[in-house]
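The following note collects points on the relation of the chains, their interface and the strand pairing. It is offered as a colleague's reading, to be followed alongside the coordinates.

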Protein chains: 2
Amino acid sequence: MSLDDSGYSGLVLEKISSSNAKVGDIISVKRNEEEYVGVLMPRSQVGSDSFHIIIKIETGYNVGIKMHQDSEIQKIKTGKKKRTIMSKEEADQRDLPTASILSTGGTIASKVDYQTGAVNPALSAQDLYDTVPELKNYANVHAKVIMSVLSENIQPKDWTKIAKSVASEIKSGTDGVVIAHGTDTLGSTSAALSFALQDLPIPVVLVGSQRSSDRPSSDAAMNLIGAINLATRANAAEVLVLMHAETGDNYLHAHRGTRVRKLHTSRRDAFQSVNDYPLFRVTEQDIEEIHPPKHRRDKDRKLILKPKFEEKVALVKTHPSIDGSIINHLVESSYRGIVIEGTGLGHTPNRLHSSIKKAIDAGLVVVMSSQCVFGRVNMNVYRSGVELLDIGVVPCEDMLPETTLVKLMWVLANTKNQEAARELLLKPLAGEIDMRSEESEYVSSLGGS
Amino acid sequence: MSLDDSGYSGLVLEKISSSNAKVGDIISVKRNEEEYVGVLMPRSQVGSDSFHIIIKIETGYNVGIKMHQDSEIQKIKTGKKKRTIMSKEEADQRDLPTASILSTGGTIASKVDYQTGAVNPALSAQDLYDTVPELKNYANVHAKVIMSVLSENIQPKDWTKIAKSVASEIKSGTDGVVIAHGTDTLGSTSAALSFALQDLPIPVVLVGSQRSSDRPSSDAAMNLIGAINLATRANAAEVLVLMHAETGDNYLHAHRGTRVRKLHTSRRDAFQSVNDYPLFRVTEQDIEEIHPPKHRRDKDRKLILKPKFEEKVALVKTHPSIDGSIINHLVESSYRGIVIEGTGLGHTPNRLHSSIKKAIDAGLVVVMSSQCVFGRVNMNVYRSGVELLDIGVVPCEDMLPETTLVKLMWVLANTKNQEAARELLLKPLAGEIDMRSEESEYVSSLGGS
């Protein structure tokens with residue numbers, strides 16, 4: 001890596017250059033009475049300034065040191081030669097399955113910006129691979145960066161792009177596809193791919209990390225290795241999400257792409273299956289099937305790609321101060337569909353009913369899911385539910401609200417009218433809806449016996 | 001109960017009257033070859049028609065039978081005399097604590113409408129008491145109906161009304177207040193009361209049921225008895241929510257009013273504490289403290305009543321197709337505050353940032369919570385969070401989104417400007433926010449070891 005690639009500029013770059021130090025070398029940084037010694041690290045490209053230098057100190061932590069005109073940098077020792085990855089030809093000769101890693105950004109592909117302390121998506125696929133050299137023991141990995149965004153910014157058009165990239169990897173004959181993705185909207189992208197990629201021949205595994213790879217507690221390496229293993233070896237052909245299943249580094253869970261939700265902001269086991277069981281339990285040694293996948297691996301199966309999504313679909317969560325104007329606003333803004341995240345079994349305040357009726361009369365598809373997260377919508381139990389059914393609201397059974405939104409976007413891009421949309425919405429396509437899922441599929445409460 | 005109170009009308013009332021049968025009598029209903037025998041039940045007032053009669057058959061189930069001109073009703077046996085409740089004077093003479101039950105509606109105070117099969121809030125406080133006669137063994141109960149609505153229709157002005165009713169019961173010297181409430185928005189009302197009723201001398205216990213009291217699997221009786229026990233005997237003075245803690249009838253959990261959420265549409269143990277432990281475990285025999293309450297019972301403590309809520313506050317859950325127009329719409333509609341339910345640690349798509357900035361510049365208070373449900377907002381980790389903080393978004397730590405909405409409504413009714421609102425929002429008032437809550441306060445995943 002040349003100094004220009006290191007990401008430094010201005011004063012810092014000047015000082016580094018005159019010390020002849022390169023990234024990877026051990027250097028000392030002195031000013032007045034203070035001295036820091038450590039390995040010179042590359043600077044994240046996004047948001048870098050010209051005043052801070054990053055070194056990895058003996059404890060393993062990276063620190064950012066502000067440089068002044070009178071700061072001194074001294075090279076103490078030349079760093080070890082940078083580890084190089086096998087060439088594609090060398091790798092392909094080994095008797096290992098082939099895996100494709102598509103990087104979209106997110107923590108699993110990010111570095112800390114030591115100026116702001118914030119994390120930016122800055123790691124290339126090469127870096128990703130380099131961070132976890134063990135990968136080459138499990139598969140011949142072909143890595144590609146297809147975008148570099150934090151997942152809160154992922155939009156339906158990005159799902160289209162990812163789906164097309166996966167299709168192209170499958171066409172090239174890979175044994176499994178891994179998608180590195182931010183965790184914030186991982187569940188939505190996995191749902192989108194579940195609808196866009198039908199009749200998959202091989203597994204497509206989405207993976208993220210809750211702690212970035214330059215932090216000691218990172219889950220990135222274990223999740224990534226597990227994902228490569230699962231994608232190339234599991235006897236399944238579905239879209240899966242693989243993340244830590246508990247706080248230790250003992251095992252991971254592979255969840256069905258349409259049934260998974262981030263349920264905690266920071267824990268490594270934040271992802272849980274909702275109204276369904278995880279499909280696989282993955283350890284370093286083993287892939288154990290917990291619950292049967294819908295489709296088995298079959299490289300002869302012909303992928304059907306349906307990558308379009310209608311963007312004019314909104315999700316509205318009801319709350320005690322909501323009024324009908326928000327629904328009216330969406331109708332006036334030419335939306336084509338609305339997912340209502342209602343309360344309990346699928347209710348809204350009855351003061352919304354007339355706006356919802358107007359929306360349906362105007363041609364929108366309005367569907368109901370529940371903000372309870374777990375359980376099934378049942379609009380026949382209470383009068384307010386019955387009224388909404390009469391108006392024409394579609395009850396989305398046990399589908400997650402986030403999955404319902406994604407499915408409605410996909411359905412509206414693939415149907416012509418309300419009736420066809422309703423029918424397709426309620427038809428199980430990728431394990432997203434089940435007339436028979438049971439109440440037992442629920443997390444355990446705290447403080448239990 | 002006279003026949004007029006029975007809720008019947010038209011043809012059915014005519015037929016019942018001419019048979020001389022009264023509610024509670026055993027009757028037979030015949031037409032052609034069919035005959036039904038059972039106890040004549042009162043008819044739910046809401047949505048009743050003139051064509052159906054309800055009888056409780058031998059199995060314990062209620063059935064609705066359509067009456068025709070040629071249907072015949074015969075009285076077979078006079079029912080047992082209707083159980084009467086002790087007079088207030090009789091009751092007060094016994095050596096039992098005094099409890100107030102305020103009924104607001106919901107399943108716990110509802111009956112099935114056998115015409116539509118839907119459940120309506122139709123039970124009076126008297127009925128409620130009558131349904132669970134064991135209540136009189138635990139306390140002298142004073143029951144009042146203060147409203148009769150399914151909880152999806154509860155609005156901020158209803159919280160004001162409930163808070164004032166509680167204050168008036170406390171003034172009258174009661175030992176504990178129980179509020180029967182629908183489960184859909186029980187967590188929002190409990191949060192609202194937690195802010196509106198400060199320095200409580202006694203416990204205020206909200207209770208609901210997931211199955212109505214005329215169904216065999218109803219949780220209504222156990223929850224109500226537990227609530228009376230908890231309200232009159234627990235050494236606490238907070239707003240609590242008491243519901244089943246598991247699917248059996250073994251024990252209940254009392255959750256802090258600001259920390260509880262309905263996490264399942266139908267299970268009896270749907271309610272769980274979020275980012276906190278339940279405070280009490282309640283069985284028929286015992287009240288066990290799991291986690292210390294913030295305040296202990298002290299009938300000399302002077303209640304401070306602050307029952308106002310600003311209604312012009314909205315909750316917006318972000319999703320992959322959201323755009324800034326929804327925020328703009330709220331600003332144009334003179335909203336005063338917005339709770340954003342962002343992703344992960346507290347992010348929104350960056351295409352919303354300019355609309356959020358405009359909202360804050362226009363004087364709105366915009367706060368951030370997470371749709372993950374569990375965990376803490378931390379906007380210093382990623383660039384998008386840092387940018388939102390710079391714009392002036394208030395990070396609401398580990399507060400539930402629903403509680404954050406309620407608190408913002410309460411704060412805006414009690415402060416004059418953005419800065420004062422921000423300060424009050426982040427100040428812990430009723431256990432709703434904690435700088436030290438831990439990641440261990442999380443539900444267990446399915447499929448674990």
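Across which strands of chain B does helix α7 lie? The points below begin with the answer; the model under discussion is a predicted one.

1. Helix α7 of chain B, residues 220-233, lies across β6 (98-103), β9, β10 (176-180), β12 (204-207), β13 (239-244), β14 (252-256), β17 and β18 of chain B. With respect to β13(B), the helix runs at about 150°.

2. These strands of chain B form an open sheet of eight strands, in the order β9-β6-β10-β12-β13-β14-β17-β18, and the pairing is mixed. The edges are β9 (140-145) and β18 (287-289) of chain B, each of which pairs on one side only. From one strand to the next, the twist averages 25°.

3. At one end of this order, β17 (residues 280-282) and β18 of chain B run antiparallel and are joined by three bridges. Within this pair, B:Arg281 is placed opposite B:Glu288 of β18(B). As general background, the strands of a sheet pair through backbone hydrogen bonds, in either a parallel or an antiparallel arrangement.

4. In chain A, strand β1 (residues 26-31) pairs with strand β2 (residues 34-40) in the antiparallel sense, over six bridges. A:Ile26 stands opposite A:Val39 of β2(A). The hairpin of these two strands has two residues between them, and A:Asn32 there adopts a positive phi near 50°.

5. Strand β2(A) also pairs with strand β3 (residues 52-56) of chain A, again in the antiparallel sense but over two bridges. Here A:Val39 faces A:Lys56 of β3(A). A:Val39 thus has A:Ile26 opposite in one pairing and A:Lys56 opposite in the other.

6. How are the two chains related? Chain A is superposed on chain B by a rotation of 179° with 0.0 Å of shift along its axis, at an RMSD of 0.2 Å. The two copies are therefore related as by a two-fold rotation axis. The same surface serves both copies, since 100% of the contact residues of chain A recur in chain B.

7. The interface brings 76 residues of chain A into contact with 76 residues of chain B. On the chain A side, the elements giving two or more residues are β8 (119-121), β16 (271-273), β20 (313-317), α8 (325-332), α10 (383-391) and α11 (401-414). The largest share, four residues, comes from β20(A). By residue class, the side of chain A that touches chain B divides into 29 nonpolar, 33 polar and 14 charged residues.

Terms used. Residues numbered from 1 in each chain as written. Chains lettered and ligands numbered in written order. Predicted model: local features only at pLDDT ≥ 70, side-chain atom pairs only at ≥ 80, totals over all residues. Least-squares fit on C-alpha atoms with pLDDT ≥ 70 in both. Contact = placed C-beta atoms within 7 Å. Nonpolar A, V, L, I, M, F, W, Y, C, P; charged D, E, K, R; others polar. Pairing = 2+ DSSP bridges. Axes fitted to C-alpha atoms, helices over the stretch in contact; angles between N-to-C directions.
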